[in-house]
Amino acid sequence: MNFFGYQEKARRNTAVLVALFIVAILLISMAVYGAVVIGAVVGQFFFVDQQSGLFGYSSNQMWNVELFLWVSAATLAVILGGSAYRIHTLSQGGGTAVAEMLGGSRLPASAKGPLDRRLLNVVEEMAIASGLPVPPVFILEQSGVNAFAAGFTPSDTVIGVTRGAVELLSRDELQGVIAHEFSHIFNGDSAMKMRMMGMLYGITLVSDAGIGLLTMKRTSRYSRDRGTHPGLVVIGLLLFIVGTIGVVIADMIKRAVSRQREYLADAAAVQFTRNPEGIANALKVIGGYKQGSKINHHSAGQASHFFFGNALKSWYSSDWWATHPPLEERIRRIEPGFKGRFNKVDVKVRSSANMAQASADFMVSSGDRVAHSQVNPEAVLAMVGNPGPESLQEAKLILKKMPARVTDFAHDPYTARAAVYALLIDSDAVQRKIQLQVLEKSADPNVFRETLEILPDVEALSDELRLPLVEMVMPALKEMSMPQYQLFKKSVGALIKADHQVSLFEFSLYRMVIRRLNGEFGRSGAIEVKYHRMKTLLPQCQVLLTLLARTGHGVREDGGEKPFSEAMAMLAEGEHSMLERRESRLSHFDQALIQLNMATPELKEMVLKAALHCVVCNGMISLKEGELLRVIADGLDCPLPPLTMA
Amino acid sequence: MTALLVVLGVLVFLILYVIVIYNRLVKLKNRFKNAFAQIDVQLKRRYDLIPNLVETAKAYLKHEQDTLTHVIEARNQAMAAMKRASAHPDDAGAIKALAGAEGLLGGAMLNFNALQEAYPDLKADQTIAQLSEELTSTENKVSFARQAYNDEVMFYNTQRETFPDTLFTGMMGFKEAALFEVKNPEVKERVEVKF
């Protein structure tokens, strides 16, 4: 199965999730009803003198339809209300909301500590290798060894790592863990887990309500308010128990949906890094470490399914029940000879060794470029969301080739803006003059100076480094505040429009940057799947392919008619001709991409395949074609590893 | 029975509403605390650069030991203030103390820079020029990060004072956060720095 297959499966899992959720609501309604009945009976027992029982209900009738409906309605309201609220906050905050909820603090992209730097480098390498925007990293101040990835789309995804993992894992082990998390992003697990967290919140809320009732009783006793019905206390207690049942059911759902995905992510991590030892040793560290992968945080329960290892240890977290498969089994699937013995982890020895290593190996030499043969559309398609060690090597090479000064600029929110401006400035003298004038007016004068400063370095970048630079600036730009972001967005817009025409590169850059930042500053949230049939999307595909064909073959006489019709034939029967220029402007392209992103993964696969076919028709990918292809893959949220361009 | 149900319903609603308020404030608080991390990185960089600069300048400034000592002392004080502030970015007192210390450091640096005009040799030194340039750029980064932090603090403080949040903020322990505002060191020119 490939990327699209996994995405599709994750989508189906969401349907399973909804079904389980409905069953859970029914079960909980019954349980709450039971709690109310028992509460009423016990209440009557305490207050025999009272005229009527609690709620005017007498214990003679065990089954009261009216009461049941009331109770169900109330439970339903609480659960749905709670879930709706959580889904709302999550879709506003994206992965950042989860990280912050868990007490994570954002690791500045410009952090200088050797261990912090090592972590940021590992994440950056992996992101560039897989064609994802570099995600912001959050640190959880926890001594357990754990990590997570959360977010609906690649642009609002964040990576969280515990302090314990940063200090106790070697670089290879850390890489294995991060690769595991990345594969959750590729497989659509992160998005599904976000939805799951939103839904399940309502279920666990019942236990909160129970706690609320119990504490209310206490305050009223202190105020000597004798009017509190002991029945309420009992109901509170019972609600709490019911709530706990809810929590257990929620965990069952998590287990049903996410447990298998952990094995999958482990396997993908091995494939990605081609280093089974990395992830296996990380798991062994967890096994031999006193703190294991435990997270001590009041919100850890809600988010337990996000983590790399078991975040919770509780009475029912035995192997067959937990959200994660047992460590021994996970290791055995990577290392079949594993005997199940964990060596005790000596915290001092490990952390000082890691610190020394991290300080020493800042410039790890990476081998030579690995030769690819990527001109085959099938091969490229197979790479989507499935980067191999070659891509990782390629990414290391890209990062190594990036001049140190540019890297420094990219990692700081202040200068990262200058790097983006510099990327947009034209090499043509006349254009450049106009653009610089516009920039001087719209941007901060100091940033303008920084832009002039970095401009020669950015211009000297070879073409293969330009788009990776766009990925690299992302975490730093996401550190801006809202007003700073708005100013930045305005300046970028002004810079692009300065010459009254939008070039393909300007368009690509703008689209990618703003889309990515939208995950942080705009509304994130899951992309709704609206289109299930290719037929409804044919006009959009026509726009896409027309532009691609014209970009690659515009100079030639046939104007790309052949690759266009061949690619189009892959999508639908019948004759389709290329669109006129006025029907296929960049604005049309933009709209088409937005709509195509709402297609099912299967349809996206077809579209991407057709696009690839259109591009490699003549056996090579030109720079412009490569850029356009990247924008398309990006617009469809399909992480495409760096391609070698001719 | 209906009355009880209504009371119960209102109660549940209230509890939920308070949870919403609480979560919203926690989120905003986390935001500005996270924004402080960026200031932290830049200030550290700045505090690392200053001793280098002073060390290099010493050779030229045999007779200006006072100014140099002031710079170093102000830097040490600011660094101590930063350590406290970065441990608790939500402590208004710590932020104000840091802002004060930063103001003093700015004044001391201004006096130091004035010396560059008086000693052309100093100004001509390659290392000094490079370090000064880097320091200026770092200061710009500091002020950018400070702006981001202040934006987030403002969002938090505004939400904190909005009705009905303001009814609960005291009870839940959401204190007002302080803006990180450094007085413009230009005003302090030629003012003797005292400790």
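In chain A, the C-alpha centres of domain 2 and domain 3 sit 30 Å apart. The full split is domain 1 (3-101 + 192-265), domain 2 (402-499) and domain 3 (534-635), with bounds that come from an automatic or database domain assignment. This is a predicted model, where local features need pLDDT of at least 70 and side-chain atom pairs count only at pLDDT 80 or more, while totals for chains, interfaces and linings use all residues. Residues are numbered from 1 along each chain as its sequence is written, and chains are lettered from A and ligands numbered from 1 in the order in which they are written.

The predictor's confidence in each residue, pLDDT, runs from 0 to 100. Chain A averages 81, with 86% of its residues at 70 or more. Residues 49-55 of chain A stay under 50, and so do residues 363-373 of chain A. Where pLDDT is low, the predicted coordinates shouldn't be read in detail.

Where the chains meet, 26 residues come from chain A and 23 residues from chain B (contact means C-beta atoms, placed from the backbone, within 7 Å). On the chain A side, α2(A) gives the most, with six residues. Helices here are DSSP runs (H or I, at least four residues), as are strands (E, at least two), numbered from the N terminus.

Chain B has six helices and zero strands. Its C-alpha atoms fill a box of roughly 90 × 30 × 25 Å along the principal axes. Of the contacts in chain B with a separation of 6 or more, 80% link residues 24 or more positions apart.

How values were computed
Contact = placed C-beta atoms within 7 Å.
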